[in-house]
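Hello,

Here is the structure I promised to pass on to you. Have a look at it first, and then read my notes below.

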Amino acid sequence: MNTISQNNRVLSGMRPTGLLHLGHYHGVLKNWIELQHSYECFYFVADWHALTTHYEDPSIIGESTRDMVIDWLAVGVNPGNSTLFVQSRIPEHAELHTLLSMITPLGWLERVPSFKDQQEKIKDRDLATYGFLGYPLLQAADILMYKAGHVPVGEDQVAHVELTREVARRFNHFYGREADFEKKVEAAKKKMGKKNARLYQDARKRYQEQGDSEALSIGQALLESQQNISLSDRERLLGFLDGEGRIILPEPQSLLTVSSKMPGTDGQKMSKSYNNTIALRESVDSVTKKIRTMPTDPARVRRTDPGDPDKCPVWDFHRVYTDEPTKIMLAEGCRTASIGCIDCKQYIVDSILDELKPIQQRVKEYLNDLSGVDSIINEGCEHARDVAQDTIEEVRKVMGLTGRR
Ligand code: TRP
Ligand code: SF4
């Protein structure tokens, strides 16, 4: 197996299908912000992905695209560190999708769990479309285009990253053998210096003749430590080491985000499809009303009835927002009926409003400077497109598409 030293790049996308809410913030965006410190991040608006399910009424997609980027910026996604772009503005994604579709067995797509699951779950739309079947492959194209090493995803998307890995492996298997591969390998070896070249050669021999996996690791470590060789030479040497050929599209890893603990206003997970969300742009009145009208422990009918926090959906919010001493005090108050639900809920209202206030302030600033926002998106698209063009150029070449010169 090729365990190429992955680059330091992260890529993730989000569908523009409505206003962002606290579930997105706690479940996804906080993680995106954190990753900016250690990785080169690419974050994009997955508008083509949104069309796979919203093709009948796409108005929401157009409306949400810029607003979504504004919300990203407002919570702290930093365009100085991260490249923010819109998928449909990088047409190379569509080209790579087409090219990858040539080598992707139908069964691989039919077997992706979300294909059947979503069709069964979403009854009000016809998802027996070509686009919906191919959507995980479009995602593979998104990821491989940037040769991303890491893809932060929720559990429901892990199978898509797995498919991406399989497609990359198949691609490299077919096309990683350049006509002059061996010649290029020899040239690359020379750049390592005599001693290292000999160590490399030894490791390769031991691995390929005796299946010695320790020798494989030694060879890989040796290549990782080389300063004098380019990335593509390193990929060639890795491919030559394990006999797989050159790695053109490196296999990504999932960075599994622990599933969000963010509850909705009804005790289920916060999600637009449950209609239980609090938007990042929710007004003070609306936040207050949504929390005040939340169901509580059904046993607390009257103010004087004791309750059990473990049976109360409001308590899930305390788990997210409230410090230990206050929680101990509130749980005691609930069990002894010494506090009322209105008071208990007020803590949540205050915490959410405190959290949203600076975010909404920044949203307002960006809304007052839409041309500034558009410049951020334009610059992100330009940068993304440069990277995408390099990849697609390489892919065209190895797939025989040398028609344009
Ligand atoms: N499929 C993802 C979702 O529905 C969005 C997405 C599209 C994505 N392309 C991606 C996520 C590439 C990570 C990497 O949420
Ligand atoms: Fe729920 Fe708080 Fe009321 Fe107890 S006091 S039932 S935890 S809202």
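**What I found**

Leucine 106 is exposed, with a relative accessible area of 52%. You will find leucine 106 in helix H5, which covers residues 106–110. Its C-alpha atom is 9.1 Å from that of leucine 133, although 27 residues separate leucine 106 and leucine 133 in sequence. Please keep in mind as you read that this is a predicted model.

**The whole chain**

The protein chain has 405 residues, and 50% of them count as buried. Its secondary structure comes to 17 helices and five strands. Measured out along the principal axes, the C-alpha trace spans about 85 × 45 × 40 Å. Of the contacts with a separation of 6 or more, 78% are between residues 24 or more positions apart.

The chain is divided into three parts: domain 1 (4–176 + 254–261 + 370–398), domain 2 (181–241) and domain 3 (282–367). Between the C-alpha centres of domain 1 and domain 2 there are 33 Å.

**Two helix pairs to look at**

Start with helix H2 (residues 47–54) and helix H7 (residues 130–145), whose axes come within 10 Å and cross at roughly 170°. An angle over 145 degrees counts as roughly antiparallel, so H2 is roughly antiparallel to H7. On the H2 side, the contact is made by Trp48, His49, Thr52 and Thr53, while H7 brings Gly131, Phe132, Tyr135, Leu138, Gln139 and Asp142. By class, this contact of H2 with H7 has four nonpolar residues, five polar and one charged.

Now turn to helix H14 (residues 313–321) and helix H16 (residues 341–367). How do their axes cross? They come within 10 Å, at an angle of roughly 45°, and H14 and H16 are therefore oblique to each other. Their crossing is left-handed. H14 contributes Val314, Phe317, His318 and Tyr321 to the contact, and H16 contributes Cys344, Lys345, Tyr347, Ile348, Ser351, Ile352 and Glu355. Here the classes divide into seven nonpolar, two polar and two charged residues.

Which residues of H14 are buried? They are Pro313, Val314, Trp315, Phe317, His318 and Tyr321. The cover over these buried residues includes helix H1 (22–35), helix H13 (284–292), helix H15 (324–335) and H16.

**A few single residues**

Most residues other than glycine have a negative phi. With that in mind, try finding two exceptions in the model. Lysine 147, which is not a glycine, has a positive phi of about 50°. Lysine 147 sits in the loop between H7 and strand S4 (150–153). Is lysine 147 buried or exposed? Its relative accessible area is 15%, so lysine 147 is buried.

The other exception is asparagine 275, again not a glycine, with a positive phi of about 60°. Asparagine 275 lies in the loop between strand S5 (253–256) and H13. With a relative accessible area of 71%, asparagine 275 is exposed.

Last comes glutamine 201, in helix H10 (residues 194–210). Glutamine 201 is partly exposed, because its relative accessible area is 27%. The C-alpha atoms of glutamine 201 and leucine 137 are 37 Å apart, with their positions 64 residues apart along the chain.

Enjoy exploring!

Best wishes

How values were computed
Residues numbered from 1 in each chain as written. Chains lettered and ligands numbered in written order. Predicted model: local features only at pLDDT ≥ 70, side-chain atom pairs only at ≥ 80, totals over all residues. Heavy atoms only, no water. Axes fitted to C-alpha atoms, helices over the stretch in contact; angles between N-to-C directions. Helix = DSSP H or I, 4+ residues; strand = E, 2+ residues; numbered from the N terminus. Parallel < 35°, antiparallel > 145°, perpendicular 65-115°, else oblique. Left-handed = near helix turned anticlockwise from the far one by under 90°. Contact = heavy atoms within 4.5 Å. Nonpolar A, V, L, I, M, F, W, Y, C, P; charged D, E, K, R; others polar. Domains from an automatic or database assignment. Buried < 20%, exposed > 50% of the residue type's maximum accessible area, 1.4 Å probe, protein only.
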